[in-house]
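Please open the structure in your viewer and keep the selection tool at hand. The tour below proceeds stop by stop, saying at each what to select and what is found there.

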Amino acid sequence: DNPSGDAVVVVTHAGIIRVLLSHYVGSSPANYHRIRVSPGSISVLSFADDKQLPRVLAMNFCGKLADIV
């Protein structure tokens with residue numbers, strides 16, 4: 001829950017990120033291992049509101065964050 005609308009950063013291991021990304025792209029949780037997440041990479045989700053699924057803006061991005069947001 002983030003009523004202020006500020007950005008939230010979550011730092012975790014690749015397995016957790018793969019499970020979350022597979023969920024939000026609509027893939028079966030059994031296929032989470034097919035998503036590639038490199039060490040130090042950035043994945044960005046945009047949550048508009050609690051009634052819609054988030055948009056996946058980036059997966060496994062290794063460039064400058066300013067290039068995607």
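Begin by selecting V11, which counts as exposed at 77% relative accessibility; here exposed means over 50% relative accessible area, buried under 20%, and partly exposed in between, with a 1.4 Å probe and protein chains only. V11 has its place in the segment before α1. Helices (H or I, at least four residues) and strands (E, at least two) are DSSP runs, numbered from the N terminus. Add G40 to the selection: V11 and G40 are 29 residues apart in sequence, and 9.6 Å apart in space, C-alpha to C-alpha.

Before going further, note that this is a predicted model, in which local features need pLDDT of at least 70 and side-chain atom pairs count only at pLDDT 80 or more, while totals for chains, interfaces and linings use all residues. Residues are numbered from 1 along each chain as its sequence is written, and side-chain values use heavy atoms, with hydrogens and water left out.

**The whole chain**

Now display the full C-alpha trace, which spans about 35 × 30 × 20 Å along its principal axes. The protein chain holds one helix and two strands, and from the N terminus on these elements run α-β-β. Of the 69 residues in the chain, 14% are buried. Contact means heavy atoms within 4.5 Å; among the contacts with a separation of 6 or more, 21% are accounted for by residues 24 or more positions apart.

**The helix and its buried side**

Which residues of α1 are buried? Select I17, L21 and S22 in α1, which are buried. These residues cover an arc of only 130° around the axis, which puts them on the same side of α1; the arc is that of the directions from the helix axis to the C-beta atoms. An α-helix has 3.6 residues a turn, so residues three or four places apart point the same way. Show the strands as well, since what covers the buried residues of α1 includes β1 and β2.

Centre the view on S22, a residue of helix α1. S22 is buried, with a relative accessible area of 1%. Leaving aside neighbours within four places in sequence, S22 is in contact with S27, S28, P29, Y32 and I35. Then select G26, which follows α1 and has a positive phi, near 85°.

**The loop between α1 and β1**

P29 is found in the loop between α1 and β1 and counts as exposed at 61% relative accessibility. Select R18 together with P29: the two are eleven residues apart in sequence and 9.1 Å apart in space, C-alpha to C-alpha.

P39 lies in the loop between α1 and β1. At 82% relative accessibility, P39 counts as exposed. Add A14, which is 25 residues from P39 along the chain; the C-alpha atoms of P39 and A14 are separated by 7.4 Å.

**The aromatic pair**

How many aromatic pairs does a search of the whole structure find? The search finds one. Select Y24 and F47: their ring centres are 5.7 Å apart and their planes are at 90°, so the pair is edge-to-face. Rings of Phe, Tyr and Trp (its six-membered ring) pair if their centres lie within 6.5 Å; planes under 30 degrees apart count as stacked, over 60 as edge-to-face and the rest as tilted. Y24 lies in helix α1 (residues 14–24) and F47 in the loop between β1 (42–46) and β2 (55–61), so the pair ties together parts that are 23 residues apart in sequence. Y24 is partly exposed, with a relative accessible area of 23%.

**A residue in the second strand**

Move to N60, which is found in strand β2. N60 is not a glycine, yet its phi is positive, at about 60°.

**The largest pocket**

For the last stop, select V8, V9, V10, L45 and F47, which are the closest to the centre of the largest pocket among the 32 residues that line that pocket. On a 1 Å grid over the protein atoms alone, a pocket is an open set of points where a 1.4 Å probe fits, with protein on both sides within 12 Å along at least five of seven lines; lining residues have an atom within 4 Å of a point. About 1,200 Å³ of space lies in the largest pocket, a volume being the space filled by probe spheres set on the points, which are joined across faces, edges and corners. α1 and β1 each supply at least two residues of the lining.
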